[in-house]
Amino acid sequence: MTLASVPVATHAGEWLEQHVGSDPLVRKHAELGDGLLPWALGLFVISIIVWWTARRSSPDKEGVPSASWSPSVLVRGVVVTLSLAVAVGAVVDVYRIGDSGAKAAWKDNYSKTATQNGG
C-alpha cells in the first residue's frame, strides 16, 4: 500500500507546486518528495524477501519444516542489515520531506510574538 501511495502523493505535490507560484521552499519540498519512491520500493522488496524467507523456513501443521532449505546465519544477517539500512534511510527521507513541507507551509504565516486572547 505504501509503495502505491508514494506516486499518488508525489503527483498531488507536483500539482500543488504548479498552483502556488514560484517558492523555493515548495520547490525544495517537491524535489525531496521525488526521492521517496526508491526507498519505498526498497522497503517493498526487503519485505517480500523477509516474507519469502520466513515462509520457506517455517514449520508446517505437523511441525515439520515445509522445505529442506533454511536460510544460513549469513543470509539472515545480510537481510537484517539491509532491512535496517533501508528502513532508517526511508525514515530519514520522510522526516526531511515532512520538515521541508512544514517550513513551506508555515513560512510567514505566524507571528513570532504571542498575541493576547481576544485582542
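Good morning. I begin with one residue, Leu-36, which is in contact with Val-6, Asp-93, Val-94 and Ile-97 once its neighbours within four places in sequence are left aside. Contact here means heavy atoms within 4.5 Å.

A word on the basis of these values. This is a predicted model, in which local features need pLDDT of at least 70 and side-chain atom pairs count only at pLDDT 80 or more, while totals for chains, interfaces and linings use all residues. Residues are numbered from 1 along each chain as its sequence is written, and side-chain values use heavy atoms, with hydrogens and water left out.

Let me turn to the overall fold. The chain has four helices and zero strands, and along the sequence it follows the pattern α-α-α-α. Helices (H or I, at least four residues) and strands (E, at least two) are DSSP runs, numbered from the N terminus. Of the 119 residues of the chain, 17% count as buried. Buried means under 20% relative accessible area, exposed means over 50%, and partly exposed lies in between, with a 1.4 Å probe and protein chains only. Among contacts between residues at least 6 apart in sequence, 65% join residues at least 24 apart.

Leu-36 also belongs to the largest nonpolar core, together with Val-6, Leu-32, Ala-40 and Ile-97. A nonpolar core is a set of buried Ala, Val, Leu, Ile, Met, Phe, Trp, Tyr and Cys residues joined through side-chain atoms within 4.5 Å. In soluble globular proteins, nonpolar side chains tend to be buried together.

Next, helix 1 and helix 3. Leu-3 lies in helix 1 and is in contact with Leu-37, Ala-40, Leu-41 and Phe-44, its neighbours within four places in sequence being set aside. Leu-3 counts as partly exposed because its relative accessible area is 23%. From Leu-3 to Gly-42 the distance is 9.4 Å, C-alpha to C-alpha, although 39 residues separate the two in sequence. One of the contacts of Leu-3, Leu-41, has its place in helix 3. With a relative accessible area of 44%, Leu-41 is partly exposed. The C-alpha atoms of Leu-41 and Val-86 are separated by 9.7 Å, the residues being 45 apart along the chain.

I move to helix 4, where two residues deserve mention. Ser-100 is found in helix 4. Why does Ser-100 count as buried? Ser-100 counts as buried because its relative accessibility is 6%. Residues up to four places away in sequence not being counted, Ser-100 touches Leu-25, His-29 and Leu-32. Ala-104 is likewise placed in helix 4 and is buried, with a relative accessible area of 18%. Not counting residues up to four places away, Ala-104 touches Leu-25 and Val-26. The C-alpha atoms of Ala-104 and His-29 are 7.6 Å apart, with their positions 75 residues apart along the chain.

How many salt bridges are there in the model? The count comes to two, a salt bridge being a side-chain nitrogen of Lys or Arg within 4 Å of a carboxyl oxygen of Asp or Glu. In one, the side chains of Asp-23 and Lys-107 meet at 4.0 Å, N to O. This pair links distant parts of the chain, 84 residues apart: Asp-23 is in the loop between helix 1 (2-19) and helix 2 (24-34), and Lys-107 is in the segment after helix 4 (73-106). Asp-23 is buried at 16%, whereas Lys-107 is partly exposed at 38%. The other salt bridge joins Asp-99 and Lys-103, with the closest N and O atoms 3.3 Å apart. Asp-99 and Lys-103 are separated by about one helical turn because they are four residues apart in helix 4. Asp-99, at 31%, is partly exposed, and Lys-103, at 47%, is partly exposed.

Finally, the largest pocket. Its volume is about 410 Å³. Of the 25 residues that line the largest pocket, the closest to its centre are Ala-9, Thr-10, His-29, Gly-33 and Ile-97. Helix 1, helix 2, helix 3 (36-57) and helix 4 each give two or more residues to the lining, and helix 1 provides the largest share, nine residues. On a 1 Å grid over the protein atoms alone, a pocket is an open set of points where a 1.4 Å probe fits, with protein on both sides within 12 Å along at least five of seven lines, and lining residues have an atom within 4 Å of a point. Grid points are joined across faces, edges and corners, and a volume is the space filled by probe spheres set on the points. Thank you.
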